[in-house]
Amino acid sequence: MENKELKRKLGLWAAVAISMGTTIGSGIFSSIGDVAGASGSAIIVILAFFIGGLINIPANLVYAELATAYPENGGQYVYFREAGSKPLAFWCGWISFWATDPPSISIMALAIVNYMAYFVPMGDLALRILAVILVIIFMFIHMRSVEGGGKFQTFITIFKVLPFVLLIGLGIFYLKPELYSAPPLAESKTGLVALFAGISATTWSFDGMGAVCYMTGEIKDPKKTMPKALLISVLGVTALYVLLSTVVTGLLPMDDIINHSAPIAEAASRIPFIGKMGGNIVSIMAIIVIIGSLSSCIMFQPRIEYAMAKDGLWFPKFAEVHKEWETPAFSILVQCIVAIILIFATNLTELLGYFTLVALMKNLLTFGTIFVLRKKPGYNPLWKMPAGYFMTGVAMLVTCILIWSTFTWAPTQGLIAGVLSVVTAIPAYIFFKKKYMDKMVK
C-alpha cells in the first residue's frame, strides 16, 4: 500500500445506488405497522409516507450543497472540520467508528442470516459464522475495486427494489376500495394529530440517504452528480413507500396491519395466487434488501476514517490507498474486523440503541453547519440549494422530531451514551492531535 488519492470512478447511478441502497432496509417491513398504529386510517398512512418523503427533501438539499462545497471523502467529518471545529469533527468520526458503523454492519449481517434460517434452520453459532462469511465476502468486493463495488451496489439496489415493484404491480389488481373509506380506529387519533403522528413514525424509513456524501471524493463531476443523486434518491424512495403503503392498506384492514408482526408478508398472502407463499416471498425480499444495505455500509463507512487519517486525526495506516486496487483497503479491513468481533457479542441491538440519540445529534449539528459555512469567506459550493436557511431549518426540525421520539423511548441510555462519547473523545482527540496532526503541520 502507499499514500495517494482515491480516484473519481463512480457515476450517477452508483451514487443513487449507495443512497437508496442504504435507505431502503429492513425497517420498511415493520414501519408500515408503526405508521398505521400512529395514523389509524389507510388514507392518513399513505399521506404520512408522502409528506414524510417531501419533508426529507430539504435534508438531501443540505447534503447536496455541502457535498459540492467540499467534494471529498469523509461526509459529516469534513463539514464539521470546515466549519472550524476539528474537535467536533473528530467526535463525529470517533462515535462513527466505535458506536454506529461496525455495529450496524454486524446487526445487518445477523438479520440476513436470521431470515435465511427461515428456510434452513441452524444453531446460533452456525448463524454467527454465516454472518461472518457474508461480511468477508462484501469486504473483499469493496476492497478489490471501487468500480466493481459500485457496479455490484447498483445491481443489488435494482434487485432489492424489484420485489417491491412486483408486489405493488400484482397487489394493485386486488385492492379493496372499501378499506380506504373505512373510518379511523376508535382508539386512534384523528385529523391533523393523526397525520403528524404518522409522519413522525415514517422518519426512520427515510434515514440514510446522505450516506453517499462519505464518498463524494470518488464521484465523477460532483457538481452535477451529487444534487441529482440525492434528489433522485429521495423521490424514488418516497414513490416506492407511497405505492407500497397504498397496496398494503388496500389489501389489509388497519387492525391486521397494526397487530401483525409482518404486515407486508400478510398483505402478500392476500393476493390469490401467492397465498401461503407470502411469508417465503417476503423473507426472500428481506434477505435481498438487507444485503443491499450491508454492501452499501461496508462500501461507504470506512471513508470517514480515511479522511480523518489524512488530517492526522486517526492512525496514518487508514489513509493508505492500495497500490493496485486503488481503494482504502486497510480502512475497510479494520472496520469489518471490528464488525466481525461484534457479531459474537451479546445484546448488540441494545448496544446500538444506546448510541441512536448521539447519531441523531450528529445529524442535527451537521445541518447546522450551513449557518456557519455560508458566512465563511471562500465558501463556494458548486451547487447552492434554493431557500437555503428555510430548507436547513426544515431538515433540523425533522431531525429534532426523531431526537425527541428517541429520547422519550430511551432517555437514560441516550444520556449515558452522549456523556460517554464526549468523555472518551476528548483524550483521544488530544492524543491524535499531538501524535500525528501537530507533526503534519510542522
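A charge is said to sit over a ring if NZ of Lys or CZ of Arg is within 6 Å of the ring centre and within 35 degrees of the ring normal. In this structure, Lys317 lies over the face of Phe330, 5.8 Å from the ring centre. Arg374 is placed over the face of Tyr389, at 5.4 Å from the ring centre.

The model is predicted: local features need pLDDT of at least 70 and side-chain atom pairs count only at pLDDT 80 or more, while totals for chains, interfaces and linings use all residues. Residues are numbered from 1 along each chain as its sequence is written, and side-chain values use heavy atoms, with hydrogens and water left out.

**Aromatic pairs**

Rings of Phe, Tyr and Trp (its six-membered ring) pair if their centres lie within 6.5 Å; planes under 30 degrees apart count as stacked, over 60 as edge-to-face and the rest as tilted. By this rule there are 26 aromatic pairs. One of them joins Phe97 and Phe318 edge-to-face, at 6.4 Å centre to centre and with 90° between the planes. Phe97 belongs to helix H6 (residues 86-116) and Phe318 to the loop between helix H15 (303-310) and helix H16 (329-343), so the pair ties together parts 221 residues apart in sequence. Helices here (H or I, at least four residues) are DSSP runs, numbered from the N terminus.

Burial is judged by relative accessible area: buried means under 20%, exposed over 50%, and partly exposed in between (1.4 Å probe, protein chains only). Phe97 counts as buried at 3% relative accessibility, and Phe318 counts as buried at 5%. Phe371 and Tyr389 form a stacked pair, 5.2 Å centre to centre with 10° between the planes. This pair links distant parts of the chain, with Phe371 in helix H18 (residues 356-373) and Tyr389 in helix H19 (residues 388-409), 18 residues apart. Phe371 is partly exposed at 32% relative accessibility, and Tyr389 is partly exposed at 38%.

Ring pairs also link residues into a cluster whose members include Phe90, Trp94, Phe97, Trp98, Phe318, Phe330 and Tyr436.

**Salt bridges**

A salt bridge is a side-chain nitrogen of Lys or Arg within 4 Å of a carboxyl oxygen of Asp or Glu. The structure holds 11 salt bridges, among them the three listed below.

| Pair | N to O distance |
|---|---|
| Arg374 and Glu65 | 2.8 Å |
| Glu72 and Arg81 | 3.1 Å |
| Glu218 and Arg303 | 2.8 Å |

Glu218 lies in the loop between helix H10 (191-202) and helix H11 (222-251) and Arg303 in helix H15, so their salt bridge ties together parts that are 85 residues apart in sequence. Both Glu218 and Arg303 are buried. Salt bridges that share partners join Glu72, Arg81, Glu82 and Asp311 into one network. Within this network, Glu72 is partly exposed at 30% relative accessibility, whereas Arg81 is buried with a relative accessible area of 14%.

The salt bridge of Arg374 with Glu65 links distant parts of the chain: Arg374 is in the loop between H18 and H19, and Glu65 is in helix H4 (residues 57-69), 309 residues apart. Glu65 counts as buried at 0% relative accessibility.

**Surroundings of Ser331**

Ser331 is placed in helix H16 and counts as buried at 0% relative accessibility. Leaving aside residues up to four places away in sequence, Ser331 touches Pro302, Glu305, Tyr306 and Phe318, where contact means heavy atoms within 4.5 Å. The C-alpha atoms of Ser331 and Ser19 are separated by 21 Å, and these residues are 312 residues apart along the chain.

Definitions and conventions: Helices (H or I, at least four residues) and strands (E, at least two) are DSSP runs, numbered from the N terminus.
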